[in-house]
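Hi there,

Here is the structure I promised to pass on to you. Have a look at it first, and then read on for what turned up in it.

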Amino acid sequence: MDDSSSFDVVAAEPLDDIMQKIAEHKGCGTSSDGGKASCGSSDGPDDMAPEIWEKVKNHPCYSEEAHHHYARMHVAVAPACNIQCNYCNRKYDCANESRPGVVSEKLTPEQASKKVLAVASTIPQMTVLGIAGPGDPLANPAKTFKTFELISQTAPDIKLCLSTNGLALPDHVDTIAKYNVDHVTITINMVDPEVGAQIYPWIFWNHKRVEGIEAARILTERQMKGLEMLTERGILCKVNSVMIPGINDKHLVEVNKAVKSRGAFLHNIMPLISAPEHGTVFGLNGQRGPSAQELKALQDACEGEMNMMRHCRQCRADAVGLLGEDRSAEFTTDKIMEMEVSYDLESRQAYQNAVEQERLAKVAAKKAEMETLAQEDASDLKILVAVATKGSGRINEHFGHANEFQVYELSSSEGAKFVGHRRVDLYCQGGYGEEDALETVIRAINDCTAVFVAKIGHCPKDTLSAAGIEPIDQYAYEFIEQSAIAYFKDYLARVKSGEIVHVARGDADIRQGAFIEA
Amino acid sequence: MAYKIIASQCTSCSACEAECPNVAISEKNGTFVINPKKCTECIGHFDIPQCVAVCPVDNTCVIDNSFPRYQAPGGAA
Ligand code: SF4
Ligand code: SF4
Ligand code: SF4
């Protein structure tokens with residue numbers, strides 16, 4: 001990380017200003033100098049090569065820090081699949097991979113590209129388009145690449161990415177390179193066919209259905225080969241793994257080594273999401289998902305090896321918006337086809353420049369706070385805190401309106417480190433089942449010492465305190481990391497003076513069910 | 001002679017459409033259907049019917065007994 005601490009700290013208004021201008025008059029004279037934010041400084045890139053960081057810094061799915069500021073969208077153009085996974089039921093939206101089922105709208109490449117333009121014109125932070133299903137994008141190569149072609153012609157600033165199970169990947173690497181796709185995600189759950197046979201009942205391969213260990217052997221060979229071919233060509237590769245307790249949980253450490261040695265730049269280990277009503281093999285046979293502590297322990301075990309990604313929300317593949325927010329209802333096919341879309345590159349870039357300013361300010365604030373922390377008595381204590389936020393890296397969500405909490409680990413050595421997020425049902429749902437909902441929230445953040453919110457009522461405040469989770473609203477609308485470090489300093493001081501006793505927290509639940517904005 | 005698709009089970013994933021060597025499969029009213037005049041049970045192309053092998057829902061692409069079995073030209077099979 002470099003130390004460019006000489007930038008100006010800017011307030012939050014420019015973002016709102018620019019949004020306002022865009023809303024009032026498309027293409028107003030907001031000047032833009034080409035949109036190249038010279039940002040060498042951030043709290044993400046320490047262990048990434050600069051050229052990789054340059055590529056991922058505005059990518060909400062890949063840069064933990066960018067997901068506060070930038071948005072991605074997925075379009076569902078690829079319904080067919082060439083393998084079967086035990087955690088997938090293709091009739092329904094898949095909770096494990098970013099994949100909608102048939103209940104989501106399927107689009108033709110022409111409809112998809114219109115939708116992308118419509119969304120990008122309305123949401124200037126939309127910087128990434130992904131194709132992730134409903135099936136496997138590379139089992140639908142014609143539709144997938146046609147969509148990329150149409151979009152790269154009209155909206156060249158949008159980054160393209162795709163997710164695949166990897167079976168067909170080696171056949172399409174050249175086409176992927178040709179369309180300048182800069183990120184590919186491969187779902188790799190095993191490198192040992194014996195493990196694979198418990199996850200994949202069959203694959204469709206060379207015009208035959210292949211089953212069991214043989215199927216898993218072919219799949220893993222194709223995945224490794226595809227990964228090598230992509231990294232040889234300098235295309236960024238992320239690996240997703242679904243953690244399935246008792247089947248591949250221990251084995252994923254091996255997977256992590258295998259993909260790292262082949263050049264994957266990020267490994268995202270996601271919890272299995274499985275409930276009988278999903279109708280998947282795992283859902284029906286009672287296969288459980290991991291607890292929050294089990295997931296974190298595995299992510300920590302792999303972290304020494306390579307970058308881990310912890311902010312993935314397993315969002316639906318046709319979701320639109322910032323991570324954790326879904327605006328897809330505004331962009332149904334009927335609505336898009338009626339929209340007059342004029343693609344306005346200039347205001348998009350002006351908006352993105354303002355975002356960069358805000359990010360720099362956030363990083364500076366964190367750094368300043370971190371410096372004061374270093375002077376305090378160092379301690380081995382580590383605590384987790386939950387944060388209610390709707391983006392921009394600030395504590396800006398009401399406790400009762402939060403449908404997810406971001407979790408940070410606080411320590412003297414690393415300050416505030418993002419380690420994951422917890423989905424919860426909205427606590428404040430207008431009256432019914434509130435008691436249950438509050439209990440769900442507590443279970444989801446039960447491993448946290450405190451919860452940071454912009455606002456909270458008296459009643460939930462008392463219940464949280466009784467459960468041993470300290471509700472904190474004094475940092476409302478401040479930057480998350482700066483506030484968390486300030487809180488941690490105070491926490492250490494209180495422990496030291498004997499005012500409070502540090503207690504280790506228990507485990508927490510991972511909510512089962514696809515993330516769909518309520 | 002032909003295979004047919006049980007519409008109530010079809011997920012409309014379109015996987016079979018792309019695999020059929022005879023272009024016998026197409027989308028109608030949200031699900032996929034096989035044109036019995038075009039389906040050859042994949043005889044002469046592949047060892048197993050492609051729609052059956054690729055379909056994610058078991059027993060969805062099945063023999064349609066209302067037609068006689070397909071006879072390959074030349075009388076074999
Ligand atoms: S690869 Fe994706 S779409 Fe295909 S069976 Fe697995 S989860 Fe489902
Ligand atoms: S059996 Fe073969 S020819 Fe007939 S519909 Fe299925 S894929 Fe096509
Ligand atoms: S493969 Fe099966 S589920 Fe998919 S469209 Fe064909 S018949 Fe329907």
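**The five-stranded sheet and its helices**

In chain A, helix α10 (residues 292-303) lies across β11 (382-387), β12 and β13, and runs at about 135° to β13(A). Please keep in mind as you read that this is a predicted model. A second helix, α15 (residues 480-497) of chain A, also packs on the sheet, where it touches β11, β12, β13, β14 (450-452) and β15 of chain A. The direction of α15 makes about 50° with that of β12(A).

The sheet under these helices is an open one of 5 strands, in the order β13-β12-β11-β14-β15 (chain A), and its pairing is mixed. At its edges stand β13 (415-423) and β15 (470-472) of chain A; each has a single partner strand, so one side of each is left without a neighbour in the sheet. From one strand to the next, the twist averages 25°.

If you want to look at one pair in detail, try β12 (residues 404-411) and β13 of chain A, which pair in the antiparallel sense over 8 bridges. Within that pair, A:Leu410 stands opposite A:Ala416 of β13(A).

**A three-stranded sheet, also in chain A**

Chain A has an open sheet of 3 strands as well, ordered β2-β6-β7, with antiparallel pairing. Here the edge strands are β2 (83-84) and β7 (208-211) of chain A, each of which pairs on one side only. Strand β6 (residues 202-205) of chain A is joined to β7(A) by 4 bridges in the antiparallel sense. Helix α7 (residues 212-232) of chain A packs on this sheet and touches β2, β6 and β7 of chain A; the direction of α7 makes about 100° with that of β7(A). For a landmark in the β6 and β7 pair, find A:Ile203, whose bridge partner in β7(A) is A:Val210.

**Where the two chains meet**

The size of an interface is often given as the accessible area lost when the parts come together. For chain B and chain A, that buried area is about 1,300 Å², 51% of it on carbon and sulfur atoms. On the chain B side, B:Thr11, B:Ala53 and B:Pro56 lose the most area to chain A, together 30% of what that side buries. The contact draws 19 residues from chain B and 15 residues from chain A.

How many salt bridges does the rule find across the interface of chain B and chain A? The count is 1. A:Arg209 forms a salt bridge with B:Asp58, with the closest N and O atoms 3.5 Å apart.

**Chain B and its ligands**

Ligand 3 has a shell that includes B:Cys10, B:Cys13, B:Cys16, B:Cys55 and B:Cys61, and also B:Thr11 and B:Pro56. By class, the shell around ligand 3 has 8 nonpolar, 3 polar and no charged residues.

Around ligand 2 there are 13 residues, of which B:Cys20, B:Asn22, B:Cys39, B:Cys42 and B:Cys51 come nearest. The shell of ligand 2 divides into 9 nonpolar, 3 polar and 1 charged.

Last, a hairpin in chain B: strands β2 (residues 25-28) and β3 (residues 31-34) of chain B run antiparallel and are joined by 4 bridges. B:Ile25 has B:Ile34 as its bridge partner in β3(B). There are 2 residues between the strands of this hairpin, and B:Asn29 takes a positive phi near 50°.

Enjoy exploring, and best wishes!

Methods
Residues numbered from 1 in each chain as written. Chains lettered and ligands numbered in written order. Predicted model: local features only at pLDDT ≥ 70, side-chain atom pairs only at ≥ 80, totals over all residues. Heavy atoms only, no water. Pairing = 2+ DSSP bridges. Contact = heavy atoms within 4.5 Å. Axes fitted to C-alpha atoms, helices over the stretch in contact; angles between N-to-C directions. Near = heavy atom within 4 Å. Nonpolar A, V, L, I, M, F, W, Y, C, P; charged D, E, K, R; others polar. Buried area = accessible area lost by both parts, 1.4 Å probe. Salt bridge = Lys/Arg side-chain N within 4 Å of Asp/Glu carboxyl O.
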